[in-house]
Amino acid sequence: MSYSPPDPPREVPADIASKLDERSPEVLRQIARFAEELAEHREREERLAEKEREEEIEERPEDLPDDVPSKATITVKEINENRYYYWQWREGDRIKSKYKGPVNPDE
């Protein structure tokens with residue numbers, strides 16, 4: 001082990017490196033544990049987000065238009081005694097709809 005202090009990685013901002021240099025070995029070990037736990041948390045979040053994106057791609061119906069989110073469901077609306085399919089989803093407090101096509105009476 002060297003008798004001179006280690007050089008911080010280039011990615012560590014100088015102000016953080018100087019603050020770390022002022023801390024005791026005990027606090028530095030606590031910071032290291034925190035940093036490791038934080039890194040694991042972020043990696044887990046990234047894995048979950050990636051899994052969610054993959055599932056969204058897999059679940060996306062072929063006939064779903066590009067401007068309709070994959071969470072949309074198909075609903076039937078009756079207008080003037082005619083039935084129509086609509087894509088429907090929630091955006092915040094509002095419910096959005098997009099026309100899909102007429103309901104086939106033979107189905």
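**Close-up 1. Tyr 84 in a predicted model, with its relative accessibility and its partner across the strands.** In this predicted model, Tyr 84 counts as partly exposed because its relative accessibility is 22%, a value that falls between the limits of 20% for buried and 50% for exposed. Across from Tyr 84, in strand S3, stands Pro 102.

**Close-up 2. The aromatic pairs of the structure.** When the whole structure is searched, 2 aromatic pairs are found. One of them joins Tyr 84 to Tyr 99 in a tilted arrangement, with 6.0 Å from centre to centre and 55° between the planes. Because Tyr 84 belongs to strand S2 and Tyr 99 to strand S3, this pair ties together parts that are 15 residues apart in sequence. Tyr 99 has a relative accessible area of 44% and is therefore partly exposed. Tyr 99 also pairs with Tyr 86, here edge-to-face, with the centres 5.6 Å apart and an angle of 75° between the planes. This second contact links distant parts of the chain as well, since Tyr 86 lies in strand S2 and Tyr 99 in strand S3, 13 residues apart. Through these ring pairs, Tyr 84, Tyr 86 and Tyr 99 are linked into a cluster.

**Close-up 3. Lysines over tyrosine rings.** Tyr 86 has a relative accessibility of 16% and so counts as buried, and Lys 77 lies over the face of its ring, 4.6 Å from the ring centre. Elsewhere, the ring of Tyr 85 has the charged end of Lys 100 over it, at 5.9 Å from the centre.

**Close-up 4. The hairpin of strands S1 and S2.** Strand S1, residues 73-79, runs antiparallel to strand S2, residues 82-91, and 7 bridges join the two. Among the residues facing each other here, Glu 78 has Arg 83 in S2 as its bridge partner. The hairpin leaves 2 residues between the strands, and Asn 80 takes a positive phi near 50°.

**Close-up 5. The hairpin of strands S2 and S3.** Strand S2 is also joined by 8 bridges to strand S3, residues 94-102, in an antiparallel arrangement. These two strands form a hairpin with 2 residues between them, and in the turn Gly 92 has a positive phi of about 65°.

**Close-up 6. Pro 5, in the segment before helix H1.** Pro 5 is found in the segment that precedes helix H1, which covers residues 14-21. With a relative accessibility of 62%, Pro 5 counts as exposed. The C-alpha atom of Pro 5 is separated by 9.0 Å from that of Asp 21, a residue 16 positions away along the chain.

Terms used:
Residues numbered from 1 in each chain as written. Predicted model: local features only at pLDDT ≥ 70, side-chain atom pairs only at ≥ 80, totals over all residues. Heavy atoms only, no water. Helix = DSSP H or I, 4+ residues; strand = E, 2+ residues; numbered from the N terminus. Buried < 20%, exposed > 50% of the residue type's maximum accessible area, 1.4 Å probe, protein only. Pairing = 2+ DSSP bridges. Phe/Tyr/Trp six-rings, centres within 6.5 Å; stacked < 30°, edge-to-face > 60°. Lys NZ or Arg CZ within 6 Å of the ring centre and 35° of its normal.
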